[in-house]
Amino acid sequence: DWVLVEAYEGTPNASGPTQGLSLIESQTGLLLIDGNIISSNGSSGLNFENLNYGQDYYFIVRHRNHLDVLTATALTADNVINYDFTLSESSAFGNNQLKLMSDGKYVLHAGDYKSDGTIQVTDFDAWTVGPAILNTYLPTDGNLDGSVQVTDFDTWFENKSKLGIFEVTY
């Protein structure tokens with residue numbers, strides 16, 4: 001599945017994951033079933049061209065109808081940056097960005113059907129609308145099983161949207 005990985009500089013604050021941050025660059029990547037992220041051409045590592053050696057960056061992973069996940073700390077640009085979201089819940093900035101499942105895997109929090117950065121009752125309105133065209137991406141398919149049903153409104157479940165490791169080169 002596709003994800004968007006964005007590099008930001010600045011300092012995040014409690015009013016929102018990108019508050020206090022400035023977007024530097026975005027890259028699309030592929031989210032593998034093991035949770036790792038690779039470049040959209042299938043090679044390892046996402047290649048960011050606008051990062052400055054020695055400067056600190058936060059990275060956000062955006063995936064469909066899930067809450068965005070921001071790295072817990074700024075990462076210093078070196079030849080290669082690796083970040084592992086599976087180490088602990090503290091690997092993501094703020095609260096409730098990742099959920100530890102019974103098998104020891106961390107998954108993303110689904111249900112942000114309006115893509116406004118919060119999961120709330122009004123997301124149910126977006127969920128009931130559904131897509132206008134068949135055989136297209138279903139933004140309200142919360143558990144990514146290819147159909148929209150009541151179980152998609154359950155915001156915690158283990159699905160393909162678990163996060164693992166991503167690598168950044170520049």
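**Salt bridges, nonpolar cores and aromatic pairs**

Two salt bridges are found when the whole structure is searched. The structure is a predicted model. In one of the bridges, E6 pairs with R62, and the closest N and O atoms lie 2.7 Å apart. This contact links distant parts of the chain, since E6 belongs to strand β1 (residues 2-10) and R62 to strand β5 (residues 56-62), with the two positions 56 residues apart in the numbering. R62 also forms a salt bridge with D68, where the closest N and O atoms are 2.2 Å apart. E6, R62 and D68 are thus linked in a network of salt bridges. Side chains of opposite charge can pair when their charged atoms come close.

The E6–R62 partners were also assessed for solvent accessibility. E6 has a relative accessibility of 7% and therefore counts as buried, the cut-off being under 20%. R62, at 24% relative accessibility, counts as partly exposed because this value falls between the 20% and 50% limits.

Nonpolar side chains were examined next. In soluble globular proteins, such side chains tend to be buried together. The largest nonpolar core comprises 21 residues, of which V5, I37, F48, F59 and L98 touch the most other members. Two or more residues are contributed to this core by each of β1, β5, β8 (80-84) and β10 (106-108). A second core, separate from the largest one, contains five residues, including Y8, Y58, I60 and L70.

A search of the whole structure for aromatic pairs returns two. F48 and F59 form an edge-to-face pair, with a centre-to-centre distance of 5.7 Å and an angle of 80° between the planes. F48 is located in the loop between β4 (46-47) and β5, whereas F59 is in strand β5, so the pair ties together parts that are eleven residues apart in sequence. Both F48 and F59 are buried, and both are among the residues of the largest nonpolar core that touch the most other members.

The other aromatic pair consists of Y83 and F85 and is likewise edge-to-face, at 5.0 Å centre to centre and 75° between the planes. Y83 has a relative accessible area of 10% and is therefore buried. F85 counts as buried at 0% relative accessibility.

Methods: Residues are numbered from 1 along each chain as its sequence is written. This is a predicted model: local features need pLDDT of at least 70, side-chain atom pairs count only at pLDDT 80 or more; totals for chains, interfaces and linings use all residues. Side-chain values use heavy atoms; hydrogens and water are left out. A salt bridge is a side-chain nitrogen of Lys or Arg within 4 Å of a carboxyl oxygen of Asp or Glu. Helices (H or I, at least four residues) and strands (E, at least two) are DSSP runs, numbered from the N terminus. Buried means under 20% relative accessible area, exposed over 50%, partly exposed in between (1.4 Å probe, protein chains only). A nonpolar core is a set of buried Ala, Val, Leu, Ile, Met, Phe, Trp, Tyr and Cys residues joined through side-chain atoms within 4.5 Å. Rings of Phe, Tyr and Trp (its six-membered ring) pair if their centres lie within 6.5 Å; planes under 30 degrees apart count as stacked, over 60 as edge-to-face and the rest as tilted.
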